[in-house]
Amino acid sequence: MIKFSEDNTSSHFWKCFKSLTGETSHSSTISELIYKDVLLSSPSEISSALADSLIVKPNPSCAYHPELLLKLDNLNNDYIPFTPDDVAFEVKHSKLRCSANSNHPPFLFKTFSPKLCPILADIFNKILSTGTFPDQWKTSLVTPVLKPGQDPVHPNSYRPISVLPYLSKVFEGLLSSHIIRFCNLKKFLTPTQFGFRRNYSTFYALLRVTQKIFDSLDKKQISIGIFIDLVKAFGSVPHSILLDKMLPLYKFPDYLIKILYSYLSDRSIKIKLKNFLSDSYKLFCSVPQGSTIGPILFLLLINDITAITDIDIDLYADDIAFIDADSDLCNYINYMQNSYAA
């Protein structure tokens, strides 16, 4: 029996909704796959095809340029340390899910939090002081889950469910809080971005878009919209462009840039198919799927998209809406297409 109460969160609602509709994230049994017109049946071949379809290949234009690398090399080591109370708070609110690359169940960290959190704070602060993210935490386990109504023999029919090491997630939560605190202090995140932000939601995004349409109707104008949904948005984040924006444009503290550079570098995934675990596949330009810090990094990457036009843009994560109105439909459609179709 599923109950809804007044204090239920939106995440709890969608969990109940998916349970009622059968849209739960169970791993898919993949016996065969068609990739590049070849029928694959062995787990190693299937995992290789899935990884190839998931991983966005590097673009030469997104490589680190020498000036940026020089700036990264010259960053100082001054940092704001995590306290044991900070770690305890993060551990307390962390989710007890399966952990990748760890022999220590997450519940142990919650159970023995008073004893372990001072030790974890020392470890995390050492990571900050050296600017080096542990290589053991850079590999995530990806389980493919079939999307509703999709053909199971095609790689693109699967949604990658990524699991990261538990301690990596705790560290990410702490680091994310520093990044969000800095963003809030400087107030440079566009107020029209409604995704992955506290006190923002799809409701407010939809309300804003519909209000624009109603306003145009009151003026006897015709609303015109272009809606964009970025494909593989998180998997296409170029690290060089992201860090280049965080350095001169947003002027993030050196220690945050330094640890993020290490965090994003040399990451990999392993594909998990029931009892089969694949070899590692290197990632090139992405923020880790399933990470705590990935959403805010993506918002920072696309934050300045609002500067490309005078039209007020509405965003929900990687969903972008250009909404405007005019009394001359034909001329304005041509204007919108010529300005934004590319």
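## Exercises on a predicted model

In this predicted model, 4 strands make up an open sheet with the order β4-β3-β6-β7 and mixed pairing. Let's work through it together.

**Exercise 1. Work out which strands stand at the edges of this sheet, and why one side of each has no neighbour there.**

*Solution.*
- Step 1: Begin with the strand order, β4-β3-β6-β7.
- Step 2: The edge positions belong to β4 (158–163) and β7 (276–282).
- Step 3: Each of these two has a single partner strand, so one of its sides is left without a neighbour in the sheet.
- Step 4: To add the twist, note that neighbouring strands of the sheet are turned by 30° against each other on average, direction ignored.

**Exercise 2. Find the sense in which β3 and β6 pair, and a residue pair that shows the register.**

*Solution.*
- Step 1: Locate β3 at residues 139–146 and β6 at residues 268–273.
- Step 2: These strands pair in the parallel sense, over 4 bridges.
- Step 3: For the register, look at Thr139, which stands opposite Ser268 in β6.

**Exercise 3. Describe the largest cavity: its volume, its lining and the elements that supply the lining.**

*Solution.*
- Step 1: Searching the whole structure gives 1 cavity of 30 Å³ or more.
- Step 2: Its volume is about 50 Å³.
- Step 3: The lining is made of Leu50, Ser53, Leu54, Val142, Pro144, Pro155, Tyr158, Arg159, Pro160 and Ile271.
- Step 4: At least two lining residues come from each of α2 (43–54), β3 and β4.
- Step 5: Sorted by class, the lining holds 8 nonpolar, 1 polar and 1 charged residues.

**Exercise 4. Classify the packing of α4 against α7: parallel, antiparallel, perpendicular or oblique?**

*Solution.*
- Step 1: Recall that two packed helices are described by the angle and the distance between their axes.
- Step 2: The axes of α4 (residues 84–93) and α7 (residues 166–186) come within 9 Å and cross at roughly 120°.
- Step 3: Roughly perpendicular covers 65 to 115 degrees, and roughly antiparallel begins over 145.
- Step 4: α4 and α7 are therefore oblique to each other.
- Step 5: To finish, the handedness of the α4 and α7 crossing is right-handed.

**Exercise 5. Trace the hairpin of β8 and β9, and say which residue between the strands takes a positive phi.**

*Solution.*
- Step 1: Strand β8 (residues 313–316) and strand β9 (residues 319–326) run antiparallel and are joined by 4 bridges.
- Step 2: Within this pairing, Leu315 stands opposite Ile320 in β9.
- Step 3: The hairpin has 2 residues between the strands, and Ala317 takes a positive phi near 60°.

Notes
Residues are numbered from 1 along each chain as its sequence is written. This is a predicted model: local features need pLDDT of at least 70, side-chain atom pairs count only at pLDDT 80 or more; totals for chains, interfaces and linings use all residues. Side-chain values use heavy atoms; hydrogens and water are left out. Two strands pair if DSSP finds at least two bridges between them. Axes are lines fitted to C-alpha atoms, for helices over the stretch in contact, and angles run from 0 to 180 degrees between N-to-C directions. On a 1 Å grid over the protein atoms alone, a cavity is a set of points where a 1.4 Å probe fits but cannot get out, and a pocket is an open set with protein on both sides within 12 Å along at least five of seven lines; lining residues have an atom within 4 Å of a point. Grid points are joined across faces, edges and corners, and a volume is the space filled by probe spheres set on the points. Ala, Val, Leu, Ile, Met, Phe, Trp, Tyr, Cys and Pro count as nonpolar, Asp, Glu, Lys and Arg as charged, and the others, Gly among them, as polar. Angles under 35 degrees count as roughly parallel, over 145 as roughly antiparallel, 65 to 115 as roughly perpendicular and the rest as oblique. A crossing is left-handed if the near helix is turned anticlockwise from the far one by less than a right angle, and right-handed if clockwise.
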